[in-house]
Structure formats: structure tokens, C-alpha cells
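These notebook entries record what I looked up in one structure. I began with single residues and then turned to a pair of helices.

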Amino acid sequence: MSQLSPRDQLDRLWRRGCEFLGSRYAILGGAMTWVSERHLVAAISNAGGFGVIASGSMNPDRLGEEIDATRALTDRPFGVNLITLHPQLLDLVAVCATRGVSHVVLAGGLPPAPAVAAIKAAGAKAVCFAPALSIARKLVRSGADAIVIEGMEAGGHIGPVATSVLAQEILPHLREVPVFVAGGIGRGEAIVSYLEMGAAGCQLGSRFVCATESIAHPAFKKAFLRASARDAVPSVQLDARFPVIPVRALANAATRRFTEKQQEVVRRFDAGELDQKQAQLEIEHFWAGALRRAVIDGDVETGSLMAGQSVGMVTREQPTAEIIAELVDQAVAALAQRLGPATCSDTSERGAEAAV
């Protein structure tokens, strides 16, 4: 029997993920609020990946408009990411169902059973995030069709465990559904390593922020291009009495001001000027609108520059199709290196295939 070429080996490794997503490559675009809208989502899907709309705080009518606008730009499959804490979650699920969205990603906490049931009743796939093996198994029993495991290297809200550790904890033991790995992934070699461990595919967010099709403000993109991995840091909690959900972002004037704000609030609470609820709300409201200010308005000083540690691998603005082609080339080259020099020529076969 002839040995599989590196390209065929890659296709074999992520076949389950590709079949689940309906895409050429098992590369999901991480849902980034204000960034993952129609233009970037469609570009990822058109390039062979799987784009995902970040619904954020959209109301049902606004989400319907975004789905329709995305569909006008691509005839390829794409998904919608919904926040489980959204007060109109079931209404948003209904919008996805009405418009025939094939995959709904539930993020931001354990998904309510009615939401999962409604997604499946509509004939769509429910994709859920799991921070631990026990939770992943519970989600599968509850009807999740696929799982995403995201490590602390990711941008935005993060958990306490590294991607590599989550992968070792979950991938060897969860085979019932496809599992996608996310967090700190910026090159094809990393994608291959997780596929070989049993992942169905990988999710990348920060790598696409500086895509040509991304509507992120030029100043926001410039901050990404200048940043290194160590510049993407988690927010700091100063007092256990006032919990802060860690958010990874590029350090700027706002992150320093957030520390000062916590110090001020704690001082006022200890002085009896604020009660517990008032103090907590002042801390939580500090970042209100900060992500939009950075992404849309270009305020990179007082806005929130949410970014994963893979930001250091974002070195230039380039078309989405080129980014995906690079990732695939790197994955194929990594496999070719394992197989020996005779197969290295396979990496040159990419051509324009990423845009098919």
C-alpha cells in the first residue's frame, strides 16, 4: 500500500471535523465581538474555513439582519455564536432556526437545556464550550453535537487551564463527538499536533483580526501588529471580595486604569461609602463599551484590546484566504517533515486551493 501524501494525511486527520462543519478545512473562526461580522465570517467560509458570527449583545432583529447579510456574501456554511447569559437567548435561537443556520455555538457558560433542545429541534448542530472533561461529558449527555475546548492563552474571557493541558485531559477520553481545540493557536504546526492527539479541528481568533476583510479599525490592527505574545495579559483581580472574570487583552492605559479603579472602589467600600453591590457594579461597568471603542472607533488607549497570546504571530495585514492557505501549508509541511524529504514537494501543491 502506498504511503499517504502529507496533503492526504492532513485531509484524513481532520476529515471528521470537515464533515461536521461542511467545510473544506476544519478551521473555525473564533467569534470575536465587533470583529466577527458578515465580512470576516463570509471571507473565512469562502476560503474553505468555517466562519462564525459573534452575536454579542445583538437583539433578535439585529442578528437576523447579520445572518442575512452574511448569506448574501457566501454560499458556504457558517455558524452563529450566542452568549448563554443573553436575556433573549431562546429568541436568538429562534432567529437562527428561522434562517436555517446549520451550527449554533453556545458560549459564556453552561447552556440552558431549552436552548440546546431548540437548536436540535430546528435541525441544527449545537456546539458547546467545555473547560473540563467532566463538563464536556455532561454536555454531550445533554445533547451537544460537538465540543470546543479553549485554553487560557485565548483572547477575551478565559479560564485557568492552558490549551495543551486541556487537550491532554480531554482529547484521549472524549470520542463520542468532534472536539475542536482553541486558545493560542497561530500556526499550522500546532493544528497538526492537536489533530494527531485526536482533535477534529481547531478554532483561531486573533490570527484573523488583521485580515484584509476584517472591519477592525486600522489603529486596532496596528496594535495587534506591534504586539508580542507577552503583551496579551489577563486582567487582574485585586480583592477576592470583588471577583473579576479574567479577560486577556493587550496591556494599555485602560488596563492600568482598571487596577486603579479597583483600588479606589475597595477603599470607598472599606470606608462605608459603597455597599457590596454598588462596589461590584462600579468594577463591572468599567469596561462597558470598551471593546467597541477599540475595535470600531480605534480608541486603543481607553478601549479594550482583547487578544490571545497568538497575537505575536500576527505580523501583517493580509487576505483571509492567504491566512488560511498559510495555515494549511504549514500543516502540510509539518506532516511532510515527519514523512521524510521525498514527500516535501507536496507542500507546493497548495496553489489557489484555499479559495475553492
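**Entry 1: R24.** I looked up the polar partner of the R24 side chain, and I found the side chain of D11 at 3.3 Å. I note that the model is predicted, and I read each value below as computed from that model. I then located R24 in the loop between α2 (15-21) and β1. Is R24 buried, partly exposed or exposed? I recorded a relative accessible area of 25% for R24, so this residue is partly exposed; the buried class would require a value under 20%. I also checked a separation between R24 and I149, which lie 125 residues apart along the chain. Their C-alpha atoms are separated by 21 Å.

**Entry 2: W34.** I next looked up W34, whose place is in the loop between β1 (27-29) and α3 (38-46). I noted that the phi angle of W34 is near 75°. This is a positive value, and the residue is not a glycine. For W34 I read a relative accessibility of 37%, and therefore I entered the residue as partly exposed.

**Entry 3: the helices α9 and α14.** I turned to the packing of two helices. Such a pair is described by the angle between the axes and by the distance between them. What are these two values for α9 (residues 188-197) and α14 (residues 320-339)? I found an angle of about 60° and axes 7 Å apart. Because of this angle, I described α9 as oblique to α14; the roughly perpendicular class covers 65 to 115 degrees. I recorded the crossing of α9 past α14 as right-handed.

I then listed the residues that make the contact. From α9 they are G188, E189, I191, V192 and E196. From α14 they are L327, Q330, A331, A334, L335 and R338. Sorted by class, the contact of α9 with α14 holds six nonpolar, two polar and three charged residues.

**Entry 4: Q330.** I examined one residue of this contact separately, namely Q330 in helix α14. Its relative accessibility is 14%, so I entered Q330 as buried, since the limit for that class is under 20%. Which backbone atom does the side chain of Q330 reach? I found that this side chain reaches the backbone nitrogen of G188, at 2.8 Å. Leaving out residues up to four places away in sequence, I listed R187, G188 and E189 as the residues that Q330 touches. Two of these names, G188 and E189, also stand in my list for the α9 side of the helix contact.

How values were computed. Residues numbered from 1 in each chain as written. Predicted model: local features only at pLDDT ≥ 70, side-chain atom pairs only at ≥ 80, totals over all residues. Heavy atoms only, no water. Axes fitted to C-alpha atoms, helices over the stretch in contact; angles between N-to-C directions. Helix = DSSP H or I, 4+ residues; strand = E, 2+ residues; numbered from the N terminus. Parallel < 35°, antiparallel > 145°, perpendicular 65-115°, else oblique. Left-handed = near helix turned anticlockwise from the far one by under 90°. Contact = heavy atoms within 4.5 Å. Nonpolar A, V, L, I, M, F, W, Y, C, P; charged D, E, K, R; others polar. Buried < 20%, exposed > 50% of the residue type's maximum accessible area, 1.4 Å probe, protein only. Polar contact = N/O pair within 3.5 Å; in protein donor to acceptor, adjacent residues only side chain to side chain.
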